[in-house]
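Have the model loaded in your viewer and a selection box ready. We will walk through a few helices, one stop at a time.

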Amino acid sequence: MLILLLLSGCAAPLRKIDVARDAFATGDLDKSHTTFSELAQSRRRFGDAAALDLAMVELARGDAAAAEARLRKLRDQFDALPKVAPLHETAAIITDDTARAYQPAGYEQVMIRAMLAVCSLATGGEDAESYAIQAAMRQNELADEAGKRGLASASETYQPIALAPYLRGVLREATHHDYDDAVRAYELVTSVEPNFAPAHADVVRASVGAHSAPGHGVLYVIACVGRGPVLEQVDAPTTSSAMQIASAVINVQANEKGGESRAMALPNIATVKVPQVMIPPSNAVAVGVRSGGVGIGVTQTLTDVAELAKRQVAAEMPWTIARAVIRRATKETTVAMTGNQLGLSGAAGSLFQFAVASAWGSVENADTRCWGLLPREIQVLRVELPVGDHEISLHSLGMRGEPMGMGVTKQVTMVDGHNEYMIVIAPDQMIYRVN
């Protein structure tokens with residue numbers, strides 16, 4: 001009964017989070033900000049995930065400095081978490097993985113650093129290159145960790161995200177002398193994201209040391225487009241690889257006890273509850289840009305965040321399933337021991353074990369905490385504009401390239417040989433201008 005009461009408290013925060021995310025997508029930033037602020041300030045298990053979403057709301061409201069400060073604090077907090085927290089691990093065995101301290105998935109850890117770079121560009125770009133390097137380094141670390149666990153496709157699953165080297169190339173080129181560094185960065189972009197056609201022109205331009213045409217500056221529109229990956233609970237079949245991982249973990253645990261206790265037998269489990277990536281529907285496919293009412297370009301996908309999440313969560317699925325199997329095995333063993341201590345045997349003992357173990361397992365929930373306000377894609381448009389003032393208008397574009405919603409407008413002053421950065425967020429028809 002106590003376990004049932006504890007787990008019943010998960011539903012309300014999840015409903016609030018869903019409502020706040022929908023409010024963000026439809027333009028009600030005040031409602032979204034209020035809800036996420038309340039959840040982020042609470043000490044409940046959903047607080048840190050809500051804080052990540054709150055940073056995106058702050059960015060959309062135009063407070064990039066607050067978003068950067070929040071993400072930096074969360075980055076440091078997550079990095080300081082121990083790999084294993086015994087108290088939380090024990091609680092997770094008794095209940096489910098939502099009892100563990102929230103640790104962002106690998107793609108979220110990389111995106112924290114990537115979004116820090118975007119926030120920095122919105123406030124002057126002082127630390128943008130450093131954040132971009134951190135994103136690339138974290139992705140490399142994840143690949144190494146996955147390889148050590150035996151993931152055969154670790155280098156492919158955790159390949160570099162194109163945003164990191166692209167921003168480094170942009171910032172190196174802006175110095176007007178570190179063109180070699182810019183070329184190497186752009187070449188990496190063409191390698192990991194060959195469909196991003198502008199990178200090939202970037203390589204050529206940087207190779208000849210030409211930042212922009214005389215009397216022109218460069219406008220970069222960096223757009224967070226669409227609604228990004230969230231996690232939903234599904235029933236997944238237990239695979240042979242997951243069962244092998246679970247068996248190996250249980251055997252290691254038994255050996256660590258010095259052989260004093262036998263390793264528990266793995267129960268016959270057909271399916272377990274696990275988190276699966278789901279992409280909420282969104283009509284936005286890109287952002288159209290106009291200068292003085294004349295179309296000057298459309299953003300193109302540089303990093304597909306949704307695909308990144310799907311690929312990495314799928315790669316980690318055998319370990320996720322194995323955890324659920326170990327948890328179920330622990331519960332069934334505990335119930336059997338309790339029945340023996342109560343003196344139940346025969347049909348009564350079997351009925352007790354089946355009923356209690358089934359009830360205990362039925363209240364499990366997959367851990368669906370996540371950074372739900374990440375964009376589906378990060379897109380970029382680079383355009384050279386003559387020196388002087390320009391009225392830049394931006395619209396979310398639909399499937400057929402039609403403008404949606406009201407759009408936003410900003411006056412931009414271009415300086416000869418300099419970069420200007422415009423950050424926008426377009427989760428659907430609504431578009432937010434960050435700076």
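A polar contact here is a pair of N or O atoms within 3.5 Å; within protein, one must be able to donate a hydrogen and the other to accept it, and residues adjacent in sequence count only if both atoms are side-chain atoms. This is a predicted model, in which local features need pLDDT of at least 70 and side-chain atom pairs count only at pLDDT 80 or more, while totals for chains, interfaces and linings use all residues. Residues are numbered from 1 along each chain as its sequence is written, and side-chain values use heavy atoms, with hydrogens and water left out.

**Stop 1: R205.** Select R205, which sits in helix α12, residues 198–207. Helices (H or I, at least four residues) and strands (E, at least two) are DSSP runs, numbered from the N terminus. Show side chains, and you will find that of R205 in a polar contact with the side chain of D202, at 2.9 Å. Is R205 buried or exposed? R205 is buried, because its relative accessible area is 12% (buried means under 20%, exposed over 50%, partly exposed in between, with a 1.4 Å probe and protein chains only). Now display its contacts (heavy atoms within 4.5 Å): beyond four places in sequence, R205 meets E173, Y186, A210, H211, Y220, R382 and E384.

**Stop 2: the rest of α12.** Colour A199, D202, V203, R205 and A206, the buried residues of α12. Their cover includes α10, α11, β1 (216–227) and β7 (375–386). Just past the helix, click on G209, whose phi is positive, near 70 degrees.

**Stop 3: α11 against α12.** Add helix α11, residues 179–192, which packs on α12 at an angle of about 160 degrees, with the axes 9 Å apart. Axes are lines fitted to C-alpha atoms, for helices over the stretch in contact, and angles run from 0 to 180 degrees between N-to-C directions. The two helices are therefore roughly antiparallel (angles over 145 degrees; under 35 is roughly parallel, 65 to 115 roughly perpendicular and the rest oblique). On the α11 side, pick out residues including Y179, Y186 and T190; facing them in α12 are, among others, A199, D202 and R205.

**Stop 4: A185 and α10.** Staying in α11, select A185. A185 counts as buried because its relative accessibility is 6%. Draw a C-alpha to C-alpha distance to P165: 4.9 Å in space, though the two are 20 residues apart in sequence. Leaving out residues up to four places away in sequence, A185 touches P165, R168 and G169. Finish by selecting α10, residues 163–173, where 10 of the 11 residues are buried.
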